[in-house]
Amino acid sequence: MRHTMAVQATSFSLHSHHHQHQHLQLLPRSQGPLKSTPHKGRGTSLKISCKSYEDDYLIDAPESVGDGFSFSGGKYSDGSSPSDEWFEQGKIVKAHTVSGSGEKAKDPLFGLTMGASSQASADLFRWFCVESGSTDNPSVLLIHGFPSQAYSYRKVLPILSKNYHAVAFDWLGFGFSDKPQPKYGFDYTLDEYVASLESVINEVAGDKVSIVVQGYFSPVVVKYASIHPEKVKNLVLLNPPLTEKHANLPSTLSVFSNFLLGEIFSQDPLRASDKTLTSCGPYKMKEDDAMVYRRPYLTSGSSGFALNAISRSMKKELKKYVEEMRTILTDKEWKIHTTVCWGQRDRWLSYDGVEDFCKSSNHELIELPTAGHHVQEDCGEEIGKIISGVISKSR
């Protein structure tokens, strides 16, 4: 039997000092009302009940569910697609200088000049951004993981917009942002992502910003924050690779780093998009949402080539970046208020060691038992309220 379920948090407030570890756990409604119980370490453990709704996500659905395939519009439709509607909500922002000689990109196999989508911009890269809320309010930057898109924050944006200026963007190589062929202006190394993040933050955010980042791009953001602590007020990490065991990509992603086989698999929208997004948690996306994530892989081969390059960079550099992140977050001189939110049904990153790390480093930990790796995709409204609560208490 297939069950449908989604979770939405009840309203709550968080009160703790930056140096006091607080451990929050979000539980299904059936497990009782709000409770406070002693914690063996420093701080307290709070259990926050959630409310279930029907017909939102398909939990533990069979693989066949949600695997519809569409080249344009809705499934079997010539009308406008959810991807078009999402694009209309955003804008293109130019940031980060294009490096290299300006030579036209050529494909790695045959040396033929590639199409426009694989070419770098003339001067600055183009980033797709979606903004919500007044620019007079404090800025919150929502950064997606690997592989994903700004679209994953679609349910978070309206919640944060009530009190904040929320901005979500597509990394270079993803969604509607530029996807230059590797070695032609951008090589997709993690160091380049750190530098490019500085450029885009300077374009879209104010003097000081709160940053939310998910998954494997967390070490990139933590490194940026360590270089520019004066720019970052709060840091919220959603299922980041915190332990040594997290430093290896899962096979679902590492396969794209393989020579030739990776190139073949990255041009398959179902493997590059659907499988990577649904194999890491308990939910299967609805067709309308899946179409938004597939769209870049259906319209150009540039998304697949970028996926290959990023996978190779992650495979080569992730261990070093995770080690640096662990060192930064455990440093007693680290002053940025940091919160870790963890979807406990993550099939890629084990929860083992996460609680101990947060205790030893005095960072808040919020558990979401029903969410997978892409927390904001699995329970966007819930995580939106959590983010709002975390930021408001530090104002």
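Is Trp 171 buried or exposed, judged by relative accessibility? In this predicted model, Trp 171 has a relative accessibility of 0% and therefore counts as buried. A search of the whole structure for aromatic pairs returns 20 of them. In one of these, the ring centres of Trp 127 and Trp 171 are separated by 6.4 Å and the ring planes meet at 55°, so the arrangement is classed as tilted. Trp 127 belongs to strand 6 (residues 124-132), whereas Trp 171 is located in the loop between strand 8 (165-169) and helix 3 (190-204); the contact therefore ties together parts that lie 44 residues apart in sequence. Trp 127 is likewise assigned as buried, because its relative accessibility is 0%.

A further pair involves strand 6 and the loop between strand 8 and helix 3: Phe 128 lies in the former and Phe 176 in the latter, so parts 48 residues apart in sequence are tied together. The centres of the Phe 128 and Phe 176 rings are 5.1 Å apart, and the angle of 65° between their planes exceeds the 60 degrees cut-off, so this pair is edge-to-face. With regard to solvent accessibility, Phe 128 is buried, with a relative accessible area of 0%, while Phe 176 is partly exposed at 26% relative accessibility.

Ring pairs also join residues into a cluster, in which Trp 127 and Trp 171 are linked with Phe 125, Phe 146, Phe 169, Phe 174, Phe 186, Tyr 188, Tyr 193 and Phe 217. In addition, a charged residue is positioned over an aromatic face: Arg 271 lies over the ring of Phe 265, at 3.8 Å from the ring centre.

Note on methods. Residues are numbered from 1 along each chain as its sequence is written. This is a predicted model: local features need pLDDT of at least 70, side-chain atom pairs count only at pLDDT 80 or more; totals for chains, interfaces and linings use all residues. Side-chain values use heavy atoms; hydrogens and water are left out. Rings of Phe, Tyr and Trp (its six-membered ring) pair if their centres lie within 6.5 Å; planes under 30 degrees apart count as stacked, over 60 as edge-to-face and the rest as tilted. Helices (H or I, at least four residues) and strands (E, at least two) are DSSP runs, numbered from the N terminus. Buried means under 20% relative accessible area, exposed over 50%, partly exposed in between (1.4 Å probe, protein chains only). A charge sits over a ring if NZ of Lys or CZ of Arg is within 6 Å of the ring centre and within 35 degrees of the ring normal.
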